[in-house]
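Hello,

I am passing a structure on to you, together with some notes on what turned up in it. Have a look at it first, then read on.

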Amino acid sequence: MRLSGLQREVLALYRQCLRESRKKPRDTRGHFESFARSEFEKNIHIDKRDFAAIEFLVRKGRRQLDVYASPGIKDIR
């Protein structure tokens, strides 16, 4: 199955979240991974043709990733 550009963008964001979680301390890494998974699962019901909502969530996700990727953030709840 071929993915659309927007689907590839969402998948790339998810992968980037998982890559960033690997840079966190070993004992809190799972918290970051489960947070990323839950955020993506929260919005799994959105229609794949609702481009405005998906683009908004991708932008929001990138902003969150920028915040959580900073070295000062050691854990997430």
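How far apart are the end C-alpha atoms of α3, and what should its 18 residues span? At 1.5 Å a residue the expected span is 26 Å, and the ends lie 25 Å apart, which agrees; that expected span is 1.5 Å times one less than the number of residues. Helices here are DSSP runs (H or I, at least four residues), numbered from the N terminus.

Before going further: this is a predicted model, where local features need pLDDT of at least 70 and side-chain atom pairs count only at pLDDT 80 or more, while totals for chains, interfaces and linings use all residues. Residues are numbered from 1 along each chain as its sequence is written, and side-chain values use heavy atoms, leaving out hydrogens and water.

Back to α3: its buried residues (under 20% relative accessible area, 1.4 Å probe, protein chains only) are I54, V58, G61 and L65. They cover an arc of only 65 degrees around the axis, so they sit on the same side of α3; the arc is taken from the directions from the helix axis to the C-beta atoms. The face turned away carries A52 and D66, both exposed (over 50%).

There are also two aromatic pairs in the whole structure, meaning Phe, Tyr or Trp (its six-membered ring) rings with centres within 6.5 Å; planes under 30 degrees apart are stacked, over 60 edge-to-face and the rest tilted. Y14 and F40 are edge-to-face, at 5.0 Å and 75 degrees. This pair links helix α1 (residues 5-21) to helix α2 (residues 29-42).

Best wishes

Notes
Helices (H or I, at least four residues) and strands (E, at least two) are DSSP runs, numbered from the N terminus.
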